[in-house]
Amino acid sequence: MDAQATYMYQNPNDQGPRTPRRPDTGGNGSSNNNSGGNGSSILFRVIVIAVVVIIGFYLFRMFTSDNGMVSSDTIEVPYSTFYQQIKSGNVESVTFQGQDATGQFKNAITVNQKTSNKFHFMTLPDGDPTLIKLLQQYHVTYQAKPVPDNNLLYILLNLAPWILVIGVFFLIMRRATQSQQNIFSFGKSRAKLILEDRPSTTFGDVAGVDEAKNDLVEVVEYLKTPQKFQRLGGLIPRGVLLVGPPGTGKTLLARAVAGEAGVPFFSMSGSEFVEVLVGVGASRVRDLFEQAKKASPSIIFIDEIDAVGRQRGSSINSNDEREQTLNQLLVEMDGFDARQAVVVLAATNRPDGLDKALLRPGRFDRRVTVDRPDWNGRLSILKIHTRTVPLAKDVDLLAIARSTPGMVGADLANLVNEAALLAARRNLDYVTQNCFLESLDKIQIGAERPLILSDEDLNVIAYHEGGHALTGLLTEYVDPVTKVTIVPRGQALGVTQYTPLDDRYNYAQDYLEAQLVTALGGRAAEQVAIGHITTGAENDLQRVTAIARQMVTKWGMSDRLGTISFSEREDPFAGTALASNSREYSEKTATLIDEEVNRIVKRAYERAVNLLTEHRVTLDRIAQALRTNEVIDAKQLREIMIETGAIEAAPASYR
Ligand code: ADP
Ligand code: ZN
């Protein structure tokens, strides 16, 4: 499920009132940002107004005459022309104002095709000492006006662009320092936001993951009464890894643990840690742990821990930031002292790629699997999410649960939500079964992976897993089958679990051959019961080939090749066997090896087919049971074996 969906369909209980834990520390630091914002916005407004005024003024100046003295019917005359006009007695009056001079001719003259008796000219820069005399001589009325007293304004206007530039510069500087401050207070402020979270979620809000819940009860107990655990010197749970596909309720479980224990919940997502700036991730980890320790007993939840916890140095462009964050996380995990009751829960759906250091004792040394729910679990989840939804009488939650194998809690929450929306859109008073079915169709079409497998697919999977299980039960030297399921797990559509009796260091040939038979049992069952084989056995076949190949080349278990080791040298870079050129044996031997591998696999496959054909009734019963229950355990398997008489054919150790 993507974050959006997860968020939308969050259990309403999750959003319950969150009492601020430490209002005294929670409030400070945030006001700074606010006032800074106001200050800069006032500055910003002032600058905008200044720009408008200045532009307005320049526009005004463009369209109005110079100083208001020169109107449109004034002609511009050269000084010499003016001089001539005086001498010819045509000048009536003249007014001097600074360098400008305007006046009137007695008779209009034409200059540059413009005729007027009003004129304007510029006086000579250094003045003309003879001019006054001349004016007096020809009886021209003259006067001098003071230069208008807008000097200051002029200066201001000339400076304005500079003031503007400097203002903008300051504004940018201020913004920059502010965001700088934000950067430095980032980790802190985030953790502060989280400080207030005290979930009201309980285990009652989580369904279909009973095993995980059972595993976490101890954590709740510990957080409730840490002293009791510490006094008895019991092993204190420190880090718990929640492993499971997205949307199965890992976050919900973590919140429920906090809710059940009544302790504050501090959470962050691994992808947040590896954000933008170097050093921030590590400091955030530090702050997060600091806050949690202060509030102890408490819970830290790290979602998507694989984003930080991927194996160090596993990629060429190793991410320093991520490694720093990871290192800090390790330091913090080790840095708890015994009195600090802080449990760190982390979620991932890819536990394999995690750095080994994270999984060491004292760190995430416990693993809780959060699997996809079986139909029973799906029913309980549907019940939880329909608690607040008015359901019509015809709604059959059981039928919905049974028809949605593969769907996880988030999918089901989504389904209920969609159905309720649909009912609302249709102005119904109750959500009907039809609303559910239509929403289911809609969700399936929109989903990238087929959420729900077809009946046909489920049948194939049931027989396939049944085949693994039954061949396992009927073959000697096989680890006991403990659980068979057709609820998808990770990439696999079904799983058959075996529990090894002891750690085996020496693989007897019989044991290896039995492994081949059970591994091929899946595909053999498809052939026996359905008549054609599917692509579902890809993984099985890879395993089979690998075992058979090693039997021939490494362990000398082939009659034709004898007890010689044809070990292929390891490729130091890729960790895989090198191509043919590095083999220590000839092409002919290679062909022989292939033939031997084929022979061993074929023999095992035939054995599997024969077993399953002979016990077809039992196979059918197991497949049937898988279809109805989705999960069957060792006990149920035994019952079927007894009822169908197949127990007689099982190895003595099983009987
Ligand atoms: P994850 O952390 O495993 O990706 P979430 O805990 O975020 O999954 O689940 C998202 C939402 O889906 C939850 O808030 C809840 O509404 C619903 N949900 C998921 N799993 C369950 C469950 N086992 N029981 C009830 N609701 C569930
Ligand atoms: Zn298989």
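**Helix packing, a zinc site and a strand pair**

Helix α18 (residues 455–474) packs against helix α21 (residues 587–614) at an angle of about 95°, and their axes lie 10 Å apart. Angles of 65 to 115 degrees count as roughly perpendicular, so α18 is roughly perpendicular to α21. From α18, the contact is made by G467, L470, T471 and L474. From α21, A608, L611 and L612 take part. Five of the residues in this contact are nonpolar and two are polar. None is charged. The model is a predicted one.

Helix α18 also contributes to a metal site, since H464 lies in this helix and is one of the protein donors of the zinc ion (ligand 2). The protein donors are H464 (NE2), H468 (NE2) and D540 (OD). They lie 2.0 to 2.1 Å from the zinc ion. Along the sequence, the donor residues follow the spacing H-x3-H-x71-D. The site links distant parts of the chain: H464 belongs to α18, whereas D540 belongs to helix α20 (residues 538–553). These two residues are 76 residues apart. Both H464 and D540 are buried.

Burial also marks strand β11 (residues 481–485). Four of its five residues are buried, so the strand is largely enclosed by the rest of the structure. Strand β11 pairs with strand β13 (residues 631–633). The pairing is antiparallel and runs over three bridges. Within this pair, V484 stands opposite I632 of β13.

How values were computed. Residues are numbered from 1 along each chain as its sequence is written. Chains are lettered from A and ligands numbered from 1 in the order in which they are written. This is a predicted model: local features need pLDDT of at least 70, side-chain atom pairs count only at pLDDT 80 or more; totals for chains, interfaces and linings use all residues. Side-chain values use heavy atoms; hydrogens and water are left out. Buried means under 20% relative accessible area, exposed over 50%, partly exposed in between (1.4 Å probe, protein chains only). Two strands pair if DSSP finds at least two bridges between them. Donors are N, O and S atoms within 2.8 Å of the metal (3.2 Å for Na, K and Ca); water is not among the atoms, so sites may look incomplete. Axes are lines fitted to C-alpha atoms, for helices over the stretch in contact, and angles run from 0 to 180 degrees between N-to-C directions. Angles under 35 degrees count as roughly parallel, over 145 as roughly antiparallel, 65 to 115 as roughly perpendicular and the rest as oblique. Contact means heavy atoms within 4.5 Å. Ala, Val, Leu, Ile, Met, Phe, Trp, Tyr, Cys and Pro count as nonpolar, Asp, Glu, Lys and Arg as charged, and the others, Gly among them, as polar.
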